[in-house]
Amino acid sequence: MSIAENLQLIKNELPKKVTLVAVSKTKPITSIMEAYGAGQRIFGENKIQEMVDKQLQLPGDIRWHMIGHLQRNKVKYMASFVSLIHGVDSIKTLKEINKQAKKHNRVIDCLLQAKIATEATKFGLCGIEIATILNSLEVKEFKNINIVGLMGMATFTDDKKQVRKEFNNLKVLFDKFKTNHEELKIVSMGMSSDFKLAIEEGSTMIRVGSSIFGNRN
Ligand SMILES: *Cc1c(COP(=O)(O)O)cnc(C)c1O
């Protein structure tokens, strides 16, 4: 099936409140343009340099999301255009994003990455660390960032019960923080293999790559 057909199939299943991020990492410009031609405007990349290269070659109305783990020293390269940064996991990184956003007179939206998977390889913050950041006086002084939600990645497993439980944990955490932090609006969870589960558990933003563009090599 074509990229346009894949996109349409996913969109047909998407509730209105759920935003689709098309994850185009490793995929060529031609593939992204095919999705763009089918109406997709939000694309996600996990490497800053790759996103910068693509942004320069592609239409200006694309909204670029950084979904990968961040290298602080590269934040400056995307600060002029990045639309949402999903994987923030420290005050140090927020400080750098704030600094670089200020140079461009922008306010950059960020999500805090929560650790919901049991795997040691996945990055992320525990509930207490998230609370610390949300309530930090230092962070409140960062006028060029907005923390607008949470992001999480479930364990890589076929055990649907476990994946569902991890997504539920993230949603419960989100709802808890939202009572005191109205600015939190986005729960970014769900990828090709598990976005249906994620939506059932309250995701408002899914990040889908291979189900749109085909497998990555
Ligand atoms: C690659 C990636 C995705 C998309 O994965 P697919 O399985 O191809 O849909 C989503 N989120 C993050 C953080 C990723 O790195």
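1. Let's start with the main opening in this predicted model. The largest pocket has a volume of about 680 Å³. Its lining takes in 28 residues, and Lys122, Met153, Ala154, Phe156 and Met191 are the ones nearest the centre. Sorted by class, that lining holds 10 nonpolar, 11 polar and 7 charged residues.

2. Where does the ligand sit? The space it takes is the largest pocket. Around the ligand you will find Val23, Lys25, Ile67, Met151, Met153, Met191, Ser192, Arg207, Val208, Gly209, Ser210 and Arg216. This shell divides into 6 nonpolar, 3 polar and 3 charged residues.

3. Three side chains are worth a look for their polar atoms. Ser192 places a polar side-chain atom 2.5 Å from an oxygen atom of the ligand. For Arg216, a side-chain N or O atom is 2.8 Å from a ligand oxygen atom. With Arg207, the partner is a nitrogen atom of the ligand, 2.9 Å from an N or O atom of the side chain. On its own the ligand has 390 Å² of accessible area, and the protein covers 91% of this.

4. Do glance at the second largest pocket too, with its volume of about 210 Å³. Its lining is made up of Ile133, Leu134, Val139, Lys140, Phe142, Ile145, Asn146, Ile147, Val148, His181 and Glu183. By class these are 7 nonpolar, 2 polar and 2 charged residues.

5. Which element gives the most to the lining of that second largest pocket? Strand 6 does, with 4 residues. Helix 6 (127-135), helix 7 (137-140) and strand 6 (145-152) each supply at least two.

Notes
Residues are numbered from 1 along each chain as its sequence is written. This is a predicted model: local features need pLDDT of at least 70, side-chain atom pairs count only at pLDDT 80 or more; totals for chains, interfaces and linings use all residues. Side-chain values use heavy atoms; hydrogens and water are left out. On a 1 Å grid over the protein atoms alone, a cavity is a set of points where a 1.4 Å probe fits but cannot get out, and a pocket is an open set with protein on both sides within 12 Å along at least five of seven lines; lining residues have an atom within 4 Å of a point. Grid points are joined across faces, edges and corners, and a volume is the space filled by probe spheres set on the points. Ala, Val, Leu, Ile, Met, Phe, Trp, Tyr, Cys and Pro count as nonpolar, Asp, Glu, Lys and Arg as charged, and the others, Gly among them, as polar. A residue is near a molecule or strand if one of its heavy atoms lies within 4 Å of it. A polar contact is a pair of N or O atoms within 3.5 Å; within protein, one must be able to donate a hydrogen and the other to accept it, and residues adjacent in sequence count only if both atoms are side-chain atoms. Accessible areas come from the Shrake-Rupley method with a 1.4 Å probe; for residues, only the protein chains shown count as cover. A molecule sits in a cavity or pocket if more than half of its atoms lie within 2 Å of its grid points.
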